[in-house]
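Q: I am new to this structure and would like to learn how to read it. Could you walk me through it step by step?

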Amino acid sequence: MTRVFDEDLSAGFGTRAIHAGQRPEPHAGAIMTPVYLTSTYVQDGIGRNKGYEYARGKNPTREALERNVAALEGARHGFAFASGTGCLDSIMKLFRSGDHIVCGENVYGGTFRLFDRILQNFGLTFSYVDTRDANRIAEACTPNTRAVLVETPTNPLMRITDLTAAAEAAHQAGALLIVDNTFATPFFQLPFQHGADIVFHSTTKYLNGHSDMIGGIALVNDDQLAERLQFILNAAGAIPGPFDAWLALRGTKTLHLRMPRHDANGRQVAAWLAERLGHERVVYPGLESHPQHALAARQMRGFGGMITVELGTQERANAVLEKMRVFSLAESLGGVESLISHPASMTHGSVPADVKARLGITDGMVRLSCGVEDVEDLIGDLAQALA
Ligand SMILES: *Cc1c(COP(=O)(O)O)cnc(C)c1O
């Protein structure tokens with residue numbers, strides 16, 4: 001009997017989410033990939049082993065996750081890391097002192113902090129540009145530019161970057177396009193189809209989806225890039241433990257069930273908020289009033305559950321945050337439960353005040369991650385908190 005495994009990329013998204021990268025365990029036939037709690041593997045003789053030597057380099061649970069997410073992104077190779085940030089740090093080890101990176105100006109606060117406070121000290125240089133306009137990317141490229149990093153939609157301003165145009169600009173300059181696909185997930189957006197070279201995720205968010213682990217994953221198609229990333233993963237060692245890899249793998253099995261609900265809830269909550277507060281105060285790519293709605297609709301299969309709301313002042317934001325009962329005040333996003341956060345002091349706390357002001361990350365801004373609860377309860381919660 002032939003079965004659907006990682007080899008079969010023609011299977012539908014849900015079938016891949018459940019089966020790709022996994023085969024029944026060989027001893028008992030356990031259908032679930034075991035958590036391989038081992039640091040090393042017994043070898044048959046010098047240079048003779050089953051392909052596993054030491055668990056920093058390879059772990060079967062981690063490999064199942066890597067193959068699974070690679071199959072979802074339509075990539076040949078995956079590399080799992082201990083966090084999304086650790087993943088990006090390892091990706092950056094592809095480069096060397098003197099190399100230049102063009103980065104979206106509204107990336108995740110931790111991405112900016114990693115570049116600005118750490119990697120810059122090692123001689124990497126960065127330019128931050130508004131990647132909504134691919135010309136800005138092209139203008140920022142120098143002969144030393146090795147990569148362009150974009151996030152779309154961005155956090156928390158929900159700006160959209162045209163991935164095809166970004167890939168063209170990067171490739172024109174001889175640079176790689178790196179895409180942080182954490183917000184959209186492969187269910188809604190497939191950056192490799194637009195020319196991306198490296199896609200990465202904080203698996204902490206939608207991929208795991210249950211707010212019970214921290215992880216990251218990088219995907220590539222190019223075999224040489226894959227070889228270099230595997231080398232970095234093993235040599236620098238920012239690997240996830242097998243249990244976290246297993247939790248993420250359990251999460252991806254229901255990605256195709258969760259994402260439509262996040263999206264449906266996001267659309268309804270955004271529409272209700274826009275009606276209640278005015279369209280200019282609600283930023284959601286699924287609203288026709290979003291300035292890049294047409295691009296988002298073209299590039300994405302859905303808009304997800306992330307909504308940013310401008311409440312005017314920090315006092316008003318705080319008053320609303322304190323009254324929420326279904327939404328919990330917390331950093332992070334993408335879990336089954338709804339969260340609300342204050343980007344200026346939380347996720348983007350490390351972005352300098354003048355940069356925040358220039359970008360438009362205000363003290364009155366709150367960001368919602370709509371979970372998969374009943375939408376009436378989410379809207380009811382917002383209604384009582386805004387009253
Ligand atoms: C959370 C997040 C990260 C960082 O991932 P961690 O797993 O928290 O290290 C990177 N990019 C985006 C878009 C995120 O939301």
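**Reading the ligand site and the two domains**

A: Happily! Keep in mind that this is a predicted model. A good place to begin is the shell around the ligand, whose residues divide into two nonpolar, seven polar and three charged.

Q: Which residues are around the ligand?

A: To find a shell, look for residues with a heavy atom within 4 Å of the molecule. Here the shell includes Ser 83, Gly 84, Thr 85, Tyr 108 and Glu 151. Asp 180, Ser 202, Lys 205 and Leu 333 are also among the residues around the ligand.

Q: Which ligand atom does the side chain of Lys 205 approach, and at what distance?

A: For a polar contact, look for N or O atoms within 3.5 Å of each other. In this model, an N or O atom in the Lys 205 side chain is 2.7 Å from an oxygen atom of the ligand. Ser 202 places a polar side-chain atom 2.8 Å from a ligand oxygen atom, while a polar side-chain atom of Asp 180 lies 2.7 Å from a nitrogen atom of the ligand.

Q: How much of the ligand's exposed area does the protein bury?

A: Compare the ligand taken alone with the ligand in place. Alone, the ligand exposes 380 Å², and the protein buries 93% of that.

Q: Where do the domains lie along the chain?

A: Domain 1 covers 13-99 + 170-252, and domain 2 covers 256-386. Their C-alpha centres are 29 Å apart.

Q: What does the interface between domain 1 and domain 2 bury?

A: About 1,800 Å² is buried between them, with carbon and sulfur atoms giving 61%. On the domain 1 side, Phe 187, Phe 188 and Tyr 206 supply 44% of the area buried against domain 2, more than any other three residues.

Q: How many salt bridges and polar pairs are counted there?

A: Between domain 1 and domain 2 there are zero salt bridges, but eight residue pairs are in polar contact.

Methods:
Residues are numbered from 1 along each chain as its sequence is written. This is a predicted model: local features need pLDDT of at least 70, side-chain atom pairs count only at pLDDT 80 or more; totals for chains, interfaces and linings use all residues. Side-chain values use heavy atoms; hydrogens and water are left out. A polar contact is a pair of N or O atoms within 3.5 Å; within protein, one must be able to donate a hydrogen and the other to accept it, and residues adjacent in sequence count only if both atoms are side-chain atoms. Accessible areas come from the Shrake-Rupley method with a 1.4 Å probe; for residues, only the protein chains shown count as cover. Ala, Val, Leu, Ile, Met, Phe, Trp, Tyr, Cys and Pro count as nonpolar, Asp, Glu, Lys and Arg as charged, and the others, Gly among them, as polar. Domain bounds come from an automatic or database domain assignment. Buried area is the accessible area (1.4 Å probe) that two parts lose on being put together, summed over both. A salt bridge is a side-chain nitrogen of Lys or Arg within 4 Å of a carboxyl oxygen of Asp or Glu.
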